[in-house]
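Me: I am new to this structure and would like a close look at a single part of it, please. Could you start with how the chains go together and then take me to one pair of helices?

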There are 2 protein chains.
Amino acid sequence: METDTRIRILDAAERLFVMHGLDATTLRMITAEAQANLAAVNYHFGSKEALTEAVFRRRLTWLNEQRIAALSAFEAEAKGQPLKPRQIVEAFFGVAIRMAADHNGGQTFMRLLGRTYTEPTEFVRKFLAEEYAEVIARFKAAFFKALPDVPQEEFLWRFHFMMGALSYAISGTEALRLLGPIDDSDPEALYARLMSFLIGGLRAPLPDLVVKPVAKTARKPRAKRAA
Amino acid sequence: METDTRIRILDAAERLFVMHGLDATTLRMITAEAQANLAAVNYHFGSKEALTEAVFRRRLTWLNEQRIAALSAFEAEAKGQPLKPRQIVEAFFGVAIRMAADHNGGQTFMRLLGRTYTEPTEFVRKFLAEEYAEVIARFKAAFFKALPDVPQEEFLWRFHFMMGALSYAISGTEALRLLGPIDDSDPEALYARLMSFLIGGLRAPLPDLVVKPVAKTARKPRAKRAA
DNA sequence: TCAGCATTCAAACGTTCGTTTGAAACCAAT
DNA sequence: ATTGGTTTCAAACGAACGTTTGAATGCTGA
């Protein structure tokens, strides 16, 4: 069942998706790279879309399992006490960065993944939503417990910003060179740098938001929506 | 010269690029949306690639001029003294966020741009490199002056992470919904949130990096860089 | 040895893409 | 009214795409 060709196709597709993007990668490029016949993709996967999904699922499922395992380990250790934010960040982002440092395809994949959260393609988004549901729920709960002083909406934004930083840390090394010559060969250094940055952002002083309803509607009092 | 059709095509292309991505947007979609003939793109722009470049250049040039103007204003005010990091962040990221809040097409464009730094397409990267050269140079210099205690390489990484957070702040509102229901309708709030996060990350304690050259070359002490 | 299934392969399918073409329509200046 | 240059238009081009087909080949158990 798990034929050699199947795996060669998955590997080739992963590599080419990273280099050229999803749309611009053709089945002919993939099968040539995999040294397989053009029809092999439709034989083994059914369609290009199904192949794409398989490429993601293969590693993403494993990645999120690792994340949950890391979080569970910290939680078991803490015996019901809230975790330190650094531990939660480590469990979510650290695992990802470490996977990105793995040269056995993990690196390739993470670059692809980092670019995919903002991918507009419908079916990719649907797929990611399913695949992330559990891990998001677990980490949200852990963070809320660890940071009771941070409003939940504020935290969700910060989590989102952190995802952006992670995405660029992993996938944006090309864009990075816009900034000048830079060494991205040391994954441990990248890990340390990103963790510092993320914790710094996560624990930053809360912004003093202008209270919206007042600014918009009032001098005469009439609340537009509850704060 | 600046015909009506030309502008309608630019606007339509911008909208569709955001919704479907560069590759997946066809000239037939664009010309239909712009209520123009299919051949109009090649007549007015020469090719799809040239149209793409025009879409970006139209707003990106202006955006980076705004950034430089904002920075120059702060620098004039400071009379040679280093700026506060917050001011520099404001000049670079604040201007972008504010443009993203502009509903006259700016919002649309910024979502597109945010997704483009990591775009693998060759000619887009080339183009961005040119378009960003000056603004990058100016802001690097300002930051280095304002943060003499932060090693330059460390700072470049942090700048890169900040770009990631900005990108997600602007373009990733779809991905954001993975995290749960969230209100992204208030640009002022987003601005305040992002600024807090960025400053927090920028000013985070430096990571204690394992000193690589020592591990590789020496045992006898040899500092890699000055703190 | 041979039947039976899984896999590979070359070729072709119908679509859609970006681009080109040449005529039609428009529009100001003579 | 006629010209000359600009813009629009319908139609078609060749190329490349994902997919399908049916025969050839490989492998396994009876």
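**From the two chains to one helix pair**

Reply: The copies meet through the same surface, because 100% of the interface residues of chain A are also interface residues in chain B (residues are in contact if their C-beta atoms, placed from the backbone, lie within 7 Å). This is a predicted model, where local features need pLDDT of at least 70, side-chain atom pairs count only at pLDDT 80 or more, and totals for chains, interfaces and linings use all residues. Residues are numbered from 1 along each chain as its sequence is written, while chains are lettered from A and ligands numbered from 1 in the order in which they are written.

A turn of 180° with a shift of 0.0 Å along the axis lays chain A on chain B with an RMSD of 0.1 Å (a least-squares fit on C-alpha atoms of residues with pLDDT of at least 70 in both). The two copies are therefore related as by a two-fold rotation axis.

Now to the helix pair. In chain B, the axes of α6 (residues 106-114) and α8 (residues 152-171) come within 8 Å and cross at roughly 135°; helices are DSSP runs (H or I) of at least four residues, numbered from the N terminus, and axes are lines fitted to C-alpha atoms over the stretch in contact, with angles from 0 to 180 degrees between N-to-C directions. So α6(B) is oblique to α8(B), a word for angles that are not under 35, over 145 or 65 to 115 degrees. From α6(B), B:M110, B:R111 and B:G114 make the contact, and from α8(B) B:S167, B:I170 and B:S171 do. By class, these residues are two nonpolar, three polar and one charged, where Ala, Val, Leu, Ile, Met, Phe, Trp, Tyr, Cys and Pro count as nonpolar, Asp, Glu, Lys and Arg as charged, and the others, Gly among them, as polar.

Definitions and conventions. Two residues are in contact if their C-beta atoms, placed from the backbone, lie within 7 Å. Helices (H or I, at least four residues) and strands (E, at least two) are DSSP runs, numbered from the N terminus.
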